[in-house]
Amino acid sequence: MKGYVNTSVENVSIDTDVIAQYAGTVAVECFGIVGMASVNVKDGLVKLLKKEYITHGINVSVYDNKLILDFHVIVAYGVSIMAVSDNLINNVKYKVEEFTGLNIEKINIYVEGVRVID
């Protein structure tokens with residue numbers, strides 16, 4: 001699935017993997033986010049993804065040329081999940097909309113784990 005930006009000269013298509021990569025980079029820069037998570041449905045195990053696999057913790061859907069983003073994250077121990085979520089939503093919404101030219105309809109955040117950071 002792709003998002004499309006219409007300009008006066010041409011149409012630009014943006015692959016959802018590109019959007020996921022950018023959104024993931026923005027997300028891990030947010031205060032309180034340790035990283036993206038991968039959940040093994042069969043075993044129910046959650047693992048912290050390495051930077052090169054960051055897109056595995058993000059699902060990007062496009063409906064009526066609007067984005068829906070699902071983030072599976074691991075948060076830092078001792079931080080307010082609501083504060084971290086609000087920060088993530090605000091940063092991602094602003095930066096992804098600026099980057100793509102597409103509107104974000106919804107951002108879902110799934111906190112999959114908590115980690116103590118050194």
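Here are legends for a set of close-up views of this predicted model.

**Figure 1. The whole chain, with its two helices and seven strands.**
Let's start with the big picture before zooming in. Going along the sequence, you meet the elements in the pattern β-β-α-β-β-β-β-α-β. Of the 118 residues in the chain, 36% are buried. The chain exposes about 7300 Å² in total, and carbon and sulfur atoms supply 50% of that. If you take the contacts with a separation of 6 or more, 65% of them are between residues 24 or more positions apart.

**Figure 2. The largest nonpolar core, a set of 26 residues.**
Which members touch the most others in this core? They are Ile-19, Met-36, Leu-67, Leu-69, Phe-71, Leu-88 and Val-92. Several elements chip in with two or more residues each: helix H1 (16–28), strand S3 (33–40), S5, strand S6 (66–76), helix H2 (81–100) and S7.

**Figure 3. Leu-69 and the residues around it.**
This view picks out one of the core residues that touch the most other members, Leu-69. Skip its neighbours within four places in sequence, and Leu-69 is in contact with Ile-19, Ala-23, Asn-59, Val-60 and Val-92. The list goes on with Ile-104, Lys-106, Ile-107 and Asn-108. Two of these partners, Ile-19 and Val-92, are also named among the core residues that touch the most other members.

**Figure 4. Ser-61, a residue of strand S5.**
Strand S5 covers residues 58–63, and Ser-61 sits in it. Is Ser-61 buried or exposed? Its relative accessibility is 14%, so Ser-61 counts as buried. Leaving out neighbours within four places in sequence, Ser-61 has contacts with Lys-66, Leu-67 and Ile-68.

**Figure 5. The one aromatic pair found in a search of the whole structure.**
The partners here are Tyr-22 and Phe-99; their ring centres are 4.0 Å apart and their planes meet at 10°, so the pair is stacked. Tyr-22 comes from helix H1 and Phe-99 from helix H2, so to speak two distant parts of the chain, 77 residues apart, linked by this pair. Both rings belong to residues that can be seen in part from outside the chain: Tyr-22 is partly exposed with a relative accessible area of 27%, and Phe-99 is partly exposed at 43% relative accessibility.

**Figure 6. The one salt bridge in the structure.**
Side chains of opposite charge can pair when their charged atoms come close. In this view, Glu-97 forms a salt bridge with Lys-93, and the closest N and O atoms are 2.8 Å apart. How are the two residues placed in helix H2? Glu-97 and Lys-93 are four residues apart there, so about one helical turn separates them. Glu-97 is partly exposed, with a relative accessible area of 22%, and Lys-93 is partly exposed as well, at 33% relative accessibility.

**Figure 7. A nonpolar patch on the surface.**
Tyr-77, Val-114 and Val-116 make this patch, which amounts to about 350 Å². Val-114 belongs to strand S7, which takes in residues 103–115. With 47% relative accessibility, Val-114 counts as partly exposed.

Key. Residues numbered from 1 in each chain as written. Predicted model: local features only at pLDDT ≥ 70, side-chain atom pairs only at ≥ 80, totals over all residues. Heavy atoms only, no water. Patch = residues over 30% accessible without salt bridge, like charges linked within 9 Å, V, L, I, M, F, W, Y side chains within 5 Å. Areas by Shrake-Rupley, 256 points an atom, 1.4 Å probe, with all protein chains shown as cover. Salt bridge = Lys/Arg side-chain N within 4 Å of Asp/Glu carboxyl O. Buried < 20%, exposed > 50% of the residue type's maximum accessible area, 1.4 Å probe, protein only. Contact = heavy atoms within 4.5 Å. Core = buried A, V, L, I, M, F, W, Y, C linked by side-chain atoms within 4.5 Å. Phe/Tyr/Trp six-rings, centres within 6.5 Å; stacked < 30°, edge-to-face > 60°.
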